[in-house]
Amino acid sequence: MGQWITLSTSKGPVAAWQAEPAGAARGSVIVIQEIFGVNEHIRGVAEQYAAQGYLAIAPAFFDLVEPGLELPYDQDGTKCGLELVGAIGLDAAVDVVEIAAHAARTAAANEKVATVGYCWGGTVALLCAQRLGLPSVSYYGGRNAQFLDQPLKAPVQFHFGERDKHITAEVVEAQRQAWPDMDVFTYPADHGFNREASPAVYDEASAKQAFGRAVAFLQENIG
């Protein structure tokens with residue numbers, strides 16, 4: 001099981017869930033939340049990557065504006081989450097990831113760090129590849145299209161649901177065109193297909209296939 005740690009940022013302390021592998025870490029993975037906080041699902045994702053041999057840290061970005069908050073997967077939770085990530089901003093989120101990456105390198109005694117992000121976090125993950133040079137896995141990043149003109153400093157692997165009403169096939173194709181050397185995978189699934197806590201959108205087969213691809217990406221890029 002993981003534990004809560006504290007990251008010191010210029011905007012105050014940010015809690016983060018840290019999950020450790022059984023042996024020496026191959027490297028570290030910064031798990032970047034959706035718009036619902038570092039809840040049981042996101043903590044579980046961190047544990048999944050720890051089980052694969054990586055030190056995993058999931059920063060609670062909401063702490064920048066409302067500490068300790070976890071939101072429900074409903075209309076009110078979605079509305080509140082969108083307002084909060086708007087207040088935080090993508091630039092501040094990237095700054096937190098950079099601090100988490102430094103903490104991970106120390107904790108893991110290993111310099112290699114990557115990110116995996118979901119929804120809002122999927123776009124933060126993309127920005128981390130563009131700005132911080134961290135290999136990144138981006139799941140259904142709804143804001144990715146805003147950054148197609150920015151070059152990558154590290155590899156990125158993309159995952160999208162073909163039934164996602166928020167991210168059209170045209171937007172997915174635009175990412176293939178922008179970065180033809182990167183893998184852009186699609187699945188017969190909806191937005192949030194990796195989220196086991198939401199039966200309406202969770203797709204077990206797609207989630208397992210995407211996770212296997214993500215782990216292979218990490219093995220190739222950070223060990």
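Thr6 stands opposite Ala15 in strand 2, within a predicted model in which local features need pLDDT of at least 70, side-chain atom pairs count only at pLDDT 80 or more, and totals for chains, interfaces and linings use all residues. Residues are numbered from 1 along each chain as its sequence is written, and side-chain values use heavy atoms, with hydrogens and water left out. Helices (H or I, at least four residues) and strands (E, at least two) are DSSP runs numbered from the N terminus. Strand 1 and strand 2 form a hairpin with two residues between them, and they pair in the antiparallel sense over seven bridges; pairing requires that DSSP finds at least two bridges between two strands.

The hairpin strands belong to an open sheet of eight strands with mixed pairing and the order 1-2-4-3-5-6-7-8. Strand 1 (3–9) and strand 8 (183–187) stand at the edges, each with a single partner strand, so one side of each has no neighbour in the sheet. On average, neighbouring strands of this sheet are turned by 20° against each other, direction ignored. Strand 8 pairs with strand 7 (residues 156–161) in the parallel sense over five bridges, and Gln157 stands opposite Asp183 in strand 8.

Helix 3 packs on the sheet, touching strand 1, strand 2 (12–19), strand 3 (28–32), strand 4 (55–59) and strand 5 (113–118); contact means heavy atoms within 4.5 Å. The direction of helix 3 makes about 150° with that of strand 4, where axes are lines fitted to C-alpha atoms, for helices over the stretch in contact, and angles run from 0 to 180 degrees between N-to-C directions.

Helix 3 (residues 90–108) also packs with helix 4 (residues 120–132) at an angle of about 70°, with the axes 9 Å apart. The two helices are therefore roughly perpendicular to each other, a class that covers 65 to 115 degrees. In this contact, Leu90, Asp91, Ala93, Val94, Val97 and Glu98 in helix 3 meet Trp120, Thr123, Val124, Leu127, Cys128, Arg131 and Leu132 in helix 4. The residues of the contact divide into nine nonpolar, one polar and three charged.

The structure holds eleven aromatic pairs, counted where ring centres of Phe, Tyr and Trp (its six-membered ring) lie within 6.5 Å. The rings of Phe158 and Trp179 have their centres 5.6 Å apart and their planes at 5°, so this pair is stacked, the term for planes under 30 degrees apart. The pair links distant parts of the chain, with Phe158 in strand 7 and Trp179 in the loop between helix 5 (169–178) and strand 8, 21 residues apart.

Note on methods
Parallel < 35°, antiparallel > 145°, perpendicular 65-115°, else oblique. Nonpolar A, V, L, I, M, F, W, Y, C, P; charged D, E, K, R; others polar. Phe/Tyr/Trp six-rings, centres within 6.5 Å; stacked < 30°, edge-to-face > 60°.
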